[in-house]
Amino acid sequence: MTKLKIKCFSADTIFSVNLELDYHNQEASVRLLCLDNPNFIGIGNNYFEALNCLRRKLELNNYFLCINGSRRDFYPSNMTLQMSLGCIGYRLELGKQGTEKLNTFDECSDQTKIVTVLEQKRAFSEWVKSL
C-alpha cells in the first residue's frame, strides 16, 4: 500500500488530499482519504483504470485531482499499463509519438491541463488519429 499527498481543486479552491494506492489479487484501488466520503474509491485492473473510476466519482462533485493522470495530454500505452500497472504514461503531442514518460500520480501544477475523464479520452483519440 502506498500513500501520496496530492493537490485537488474545486472551483477556485485548491487543497491537499491523501491518496491510498493498493494492489491485491490482481485488482488495483485508488482511494481518496480526505473528503470524508467512503465512496471516493476507484477499482480497476490497473492503477490508471482505478484512477479514472475515482475521477469520474469526483467529477460528479466538481473535484479534480492535480496530477499527471488527469492531464489532457497524458495517457499510458498498453506496455506501460502492463509493466507499471498504469503508474507511468506519456505526454502526448498531436502528430508525434509519445516519448516523454510521466508518473501518473506526480503533481501537475498547471490546472488548465486538468480535464475530465471523457475529455482526456477524446484527446487521446484525436492524438491516435493524428499519427
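Select helix α1 and the largest cavity: α1 gives the most to the lining of that cavity, with three residues. The model is predicted, so read each stop as a feature of a prediction.

**Stop 1: the cavity**

Show R55, L58, E59, Y63, F64, L65, S70 and V115, the residues that line the largest cavity. Two elements give two or more residues to this lining: α1 and β5, which covers 64-65. About 40 Å³ of space lies inside. No second cavity needs a search, as the structure holds one cavity of 30 Å³ or more. Colour the lining by class and you get five nonpolar, one polar and two charged residues.

**Stop 2: the nonpolar core**

Keep α1 on screen and select L19, V30, L32, Y47, L54, L65 and F105. Of the 18 residues in the largest nonpolar core, these touch the most other members. Which elements give two or more residues to this core? They are β1 (2-10), β2 (13-24), β3 (27-32) and α1. With five residues, α1 gives the most to the core. As a general background, nonpolar side chains in soluble globular proteins tend to be buried together. L65 appears in both selections so far: it lines the largest cavity, and it is listed among the core residues that touch the most other members.

**Stop 3: the aromatic rings**

The structure holds eight aromatic pairs. Select F48 and Y75, whose rings form an edge-to-face pair with 5.2 Å from centre to centre and 75° between the planes. This pair links distant parts of the chain, with F48 in helix α1 (residues 47-59) and Y75 in strand β6 (residues 74-75), 27 residues apart. Are F48 and Y75 buried or exposed? Both are buried.

Now add F124. Why is the pair of Y75 and F124 stacked? The ring centres of Y75 and F124 lie 4.0 Å apart and the planes meet at 15°, so the pair counts as stacked; the cut-off for stacking is under 30 degrees. Here too distant parts of the chain are linked: Y75 is in strand β6 and F124 is in helix α3 (residues 117-130), 49 residues apart.

Compare the surface of the two residues. Y75 has 15% relative accessibility and therefore counts as buried. F124 has 24% and therefore counts as partly exposed. The dividing value here is 20%.

To see the wider group, select F48, F74, Y75, F124 and W127, which ring pairs link into a cluster.

**Stop 4: the sheet behind Y75**

Switch to the cartoon and select β6, β7 and β8. These three strands form an open sheet in the order β6-β7-β8, with antiparallel pairing. β6 and β8 (96-103) stand at the edges with a single partner strand each, so one side of each has no neighbour in the sheet.

Start from β6, which pairs with strand β7 (residues 88-93) in the antiparallel sense over two bridges. Across from Y75 you will find Y90 in β7. From Y90, step to β8, where K101 stands opposite. Five bridges join β7 to β8, and the two run antiparallel.

**Last stop: the turn**

Select the link between β7 and β8. The two strands form a hairpin with two residues between them. Check the backbone of G95 in this turn: it has a positive phi of about 80°.

Terms used:
Residues are numbered from 1 along each chain as its sequence is written. This is a predicted model: local features need pLDDT of at least 70, side-chain atom pairs count only at pLDDT 80 or more; totals for chains, interfaces and linings use all residues. Side-chain values use heavy atoms; hydrogens and water are left out. Rings of Phe, Tyr and Trp (its six-membered ring) pair if their centres lie within 6.5 Å; planes under 30 degrees apart count as stacked, over 60 as edge-to-face and the rest as tilted. Helices (H or I, at least four residues) and strands (E, at least two) are DSSP runs, numbered from the N terminus. Buried means under 20% relative accessible area, exposed over 50%, partly exposed in between (1.4 Å probe, protein chains only). On a 1 Å grid over the protein atoms alone, a cavity is a set of points where a 1.4 Å probe fits but cannot get out, and a pocket is an open set with protein on both sides within 12 Å along at least five of seven lines; lining residues have an atom within 4 Å of a point. Grid points are joined across faces, edges and corners, and a volume is the space filled by probe spheres set on the points. Ala, Val, Leu, Ile, Met, Phe, Trp, Tyr, Cys and Pro count as nonpolar, Asp, Glu, Lys and Arg as charged, and the others, Gly among them, as polar. Two strands pair if DSSP finds at least two bridges between them. A nonpolar core is a set of buried Ala, Val, Leu, Ile, Met, Phe, Trp, Tyr and Cys residues joined through side-chain atoms within 4.5 Å.
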